[in-house]
Amino acid sequence: MVQPQESLKFKHSDKSLVFADLTPEEYKSVRDYMWAQKELKISHSLLAKPSENYLFLIDLSLPKKADVLHYLDSNGPKPARYASVVVFYGERGYLKEYVVGPLPGPLRHRDVTQAKYNTTELPFTARTVTVGEYAQLFMLLNDVFQRLEIPLRESFGYIPKQRELMPFEGMPRGIKNGDRKTWISFFRDYSGMYIHPVGFEILINHESSNTTNWTVDRLLYNGQYFDTTDEFLSRYKAGSLKKIVFEEIPNYASLKPKNKPSGLGPQQYYLQGKRYSVKNNQVVYLDWSFAFGLSSLTGMRVFDIRFGGDRIAYELSVQEAMSVYGSITPGMMLTKFLDSSIGIGRFAHELVRGIDCPYAATYVDTYRYIDTNVTQRFRNSICVFEHDIGRPLRRHFSDFFHNGFGGMANSALVFRTITAIGNYDYIWDFIFYQSGSVEARVHATGYITSSFKDDGNLKYGHQVAENVLGNIHTHFINFKVDLDIL
């Protein structure tokens, strides 16, 4: 492995660890501590039902900025490490947030719900859907599909356990506080399913923590609404509705190349070794140094950003990715995806060498505990690399009075994660330039979400394939920038 050049201007400091994400050992100790609190009655099951108590999230509780600056700049005491813990109390019908620490112990827990949210407990319907709740929802969908097997087969080619229909849920789950009613749209079971809608959507009411109380409140089939599955079945059998007739179609959403790739593109390598170094949770590059982490909820973040030894920013972090849709069909009509509500960093998966990042990049593993019962490792989910910009940082050619040329090659350091949240893949970059500027950049790829083309919905998007509408929508990306200049 090529080592960093000896000419690195700055040395690594273990003080960056004040911002470090929790380690696998720390996640486990916090989980085991919370499980051991008998009065909390927390389930150990990954598939805990909504009626059970479930430890949903463990994440780093960031120390107070004033304490960190005292530690970094004035040799003050190192701030103690704490974890933020969120518990869904299905038995009691509310949510709580705790701070657990100090790490490594002895551990204690403190309820911070009141201090953080100005209420002693959060409404149970405000929680995100867990793996255990999805398992119950899929059981309900399976029952519905068994009842509707004939129309689903004739309309969409549905064959149980052979050719399924894939669900995609709209958010938020209602229009007023306390609602928990989700419109689920269905798509063909293709790779890139998001642009293969079939024109069938159902509304599930899952407000109750008792799953036996869940109901199917409405159905949409080919632009026609039905209040119950019985009404839909009877009208379908009577032929008193506008039917869809199944047709085989090619998968135009496949990512498999249609033609053989035409050779190998340009590659990047470091002739004299890398001009940056990654150690623990700190990057050092030319005049730059910074600490980094990955929040399960909000995504990647960097701290204590210094240029030439001077701090220019205390924090630069992703905060939210929001997309707002318009449509004539209910699955997308009210949809406003707030990705932090289900977790942005949660979906930072392994990066593919040579595609997501250069082959020669430095790759870093991350660990997280969200909607699980065991710490998960995500290999190579952060990458760091120096990248040629393709234009000089500065140059001048003079032929009037002083014949000559002066110029400087231009490259920058890129810190990257990619989060695949449903259909969207967001490429998140923090870029550190030799000029002393920092850029936060996001590029959206993946798939659009789509609706089945019904009468009148061309007002809300463009037709992108037969019977497929690409819905009008807007993206909002939020970053936090805490500048500390001079």
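**Two pockets and one disulfide**

Start with strand β1, which gives five residues to the lining of the largest pocket, the largest share from any element. Keep in mind that this is a predicted model. The pocket itself holds about 1400 Å³ of space. To find its middle, look for E97, Y117, L297, S340 and S341, the closest to the centre among the 47 residues that line it. If you'd rather trace the wall by secondary structure, the elements that each give two or more residues are β1 (53-61), β2 (81-89), β3 (94-103), α3 (113-117), β15 (310-325) and β16. As for chemistry, the lining of this largest pocket comes out at 20 nonpolar, 13 polar and 14 charged residues.

Now move on to the second largest pocket, with a volume of about 700 Å³. Here 31 residues make up the lining, and Y134, E169, M171, I342 and G422 sit nearest the centre. Which element gives the most to this lining? That's α4, with five residues. Helix α4 (131-147) is joined by β6 (165-169), β7 (181-188), β16, β21 (411-421) and β22 (424-433), each supplying at least two residues. You've met β16 before: that strand is also on the list for the largest pocket. By class, the second largest pocket is lined by 20 nonpolar, six polar and five charged residues.

Strand β16 also leads us to the last stop, the disulfide. A search of the whole structure turns up one, and it joins C357 to C383 with an S to S distance of 2.1 Å. Where do the two cysteines lie? C357 is in the loop between β16 (336-338) and β17 (362-370), while C383 belongs to strand β18 (residues 376-388). The two are 26 residues apart, so the pair links distant parts of the chain. As a reminder, a disulfide is a covalent bond between the sulfur atoms of two cysteines.

Is the bond left-handed or right-handed? The torsion about the S-S bond of C357 and C383 is about -80°, so this disulfide is left-handed. And are its two ends buried or exposed? The cut-off for buried is under 20% relative accessible area. C357 has a relative accessible area of 3%, so C357 is buried. C383 counts as buried because its relative accessibility is 0%.

Conventions
Residues are numbered from 1 along each chain as its sequence is written. This is a predicted model: local features need pLDDT of at least 70, side-chain atom pairs count only at pLDDT 80 or more; totals for chains, interfaces and linings use all residues. Side-chain values use heavy atoms; hydrogens and water are left out. A disulfide is a pair of cysteine sulfur atoms within 2.5 Å. Helices (H or I, at least four residues) and strands (E, at least two) are DSSP runs, numbered from the N terminus. Buried means under 20% relative accessible area, exposed over 50%, partly exposed in between (1.4 Å probe, protein chains only). On a 1 Å grid over the protein atoms alone, a cavity is a set of points where a 1.4 Å probe fits but cannot get out, and a pocket is an open set with protein on both sides within 12 Å along at least five of seven lines; lining residues have an atom within 4 Å of a point. Grid points are joined across faces, edges and corners, and a volume is the space filled by probe spheres set on the points. Ala, Val, Leu, Ile, Met, Phe, Trp, Tyr, Cys and Pro count as nonpolar, Asp, Glu, Lys and Arg as charged, and the others, Gly among them, as polar.
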